[in-house]
Amino acid sequence: MKKINVALVRLLQFVVFVVSIFMVIVYFGAMVLLPLDAVVLLIKLMGVVGLNGFIAAFIAVPAVGYLGLMVYKTPGLCKMVVDAGVDLIKTGKTRVEAFNEIADAVKA
């Protein structure tokens, strides 16, 4: 029975590990995709106004780049965003390691 309990604890540990990895990937993936989405939305908006897609992209990419520069120049904002992601990583690692104590208690 102890082996089954240890296996269940390890299974739950693996599930928590996978979920925490997924959250970190989604968080940092959103940081990459957010400016790209802004470019696409600006191109579509300019297409509604009547500009060609190439010309709209020629205008939208520098506009989003400028917005990114303003975010970069905001004191502490980039550090705060990266620290939030690092906190996600540390929290996931702590939760996964907590299962080792539970597994040791079940083995005894």
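# Working through three helices and a ring pair

In this predicted model, the axes of helix α1 (residues 2–49) and helix α2 (residues 53–73) come within 8 Å and cross at roughly 140°. Let's put that to use.

**Exercise 1. Classify the packing of α1 against α2, give its handedness, and say which residues make the contact.**

Start with what you need: two packed helices are described by the angle between their axes and the distance between the axes. Here the angle is roughly 140° and the axes come within 8 Å. Now check the cut-offs: over 145 degrees counts as roughly antiparallel, and 65 to 115 as roughly perpendicular, with oblique covering what is left once the under-35 parallel class is also set aside. The angle of α1 and α2 fits none of those named ranges, so the two helices are oblique to each other. As for handedness, the crossing of α1 and α2 is right-handed.

Next, the residues. On the α1 side, the contact is made by Pro 35, Ala 38, Val 39, Leu 42, Ile 43 and Met 46. From α2 come Gly 53, Ala 56, Ala 57, Ile 59, Ala 60, Val 61, Ala 63 and Val 64. Sort them by class and you get 13 nonpolar, 1 polar and no charged residues.

**Exercise 2. Take one residue from each side of that contact, Ala 38 and Ala 63: how far apart are their C-alpha atoms?**

Step one, place Ala 38: this residue lies in helix α1. Step two, go to the pair: Ala 38 and Ala 63 are 25 residues apart along the chain, and their C-alpha atoms are separated by 9.6 Å. Step three, check the surface: Ala 38 has a relative accessible area of 29%, so it is partly exposed.

**Exercise 3. Do the same classification for α1 and helix α3 (residues 77–107).**

The axes of α1 and α3 come within 9 Å and cross at roughly 175°. Angles over 145 degrees count as roughly antiparallel, so that is the label for α1 and α3. By class, their contact has 21 nonpolar, 6 polar and 4 charged residues.

For a look at one end of α1, try Lys 2, which lies in that helix. Skipping residues up to four places away in sequence, Lys 2 touches Val 106, Lys 107 and Ala 108. Its relative accessibility is 49%, so Lys 2 counts as partly exposed. Lys 2 and Ala 60, by contrast, sit 61 Å apart in space, C-alpha to C-alpha, with their positions 58 residues apart in sequence.

**Exercise 4. Decide whether Gly 50 is buried or exposed, and locate it.**

Gly 50 is found in the loop between α1 and α2. Its relative accessibility is 58%; exposed means over 50%, so Gly 50 counts as exposed. From Gly 50 to Ile 21 the C-alpha distance is 43 Å, for 29 residues of sequence separation.

**Exercise 5. How many aromatic pairs are there, and what is the geometry?**

The count comes to 1 aromatic pair. Its rings belong to Tyr 27 and Phe 28, with centres 5.4 Å apart and planes at 85°, so the pair is edge-to-face. Both rings' residues can then be checked for exposure: Tyr 27 is partly exposed at 21% relative accessibility, and Phe 28 is partly exposed at 33%.

Definitions and conventions: Residues numbered from 1 in each chain as written. Predicted model: local features only at pLDDT ≥ 70, side-chain atom pairs only at ≥ 80, totals over all residues. Heavy atoms only, no water. Phe/Tyr/Trp six-rings, centres within 6.5 Å; stacked < 30°, edge-to-face > 60°. Buried < 20%, exposed > 50% of the residue type's maximum accessible area, 1.4 Å probe, protein only. Axes fitted to C-alpha atoms, helices over the stretch in contact; angles between N-to-C directions. Helix = DSSP H or I, 4+ residues; strand = E, 2+ residues; numbered from the N terminus. Left-handed = near helix turned anticlockwise from the far one by under 90°. Contact = heavy atoms within 4.5 Å. Nonpolar A, V, L, I, M, F, W, Y, C, P; charged D, E, K, R; others polar.
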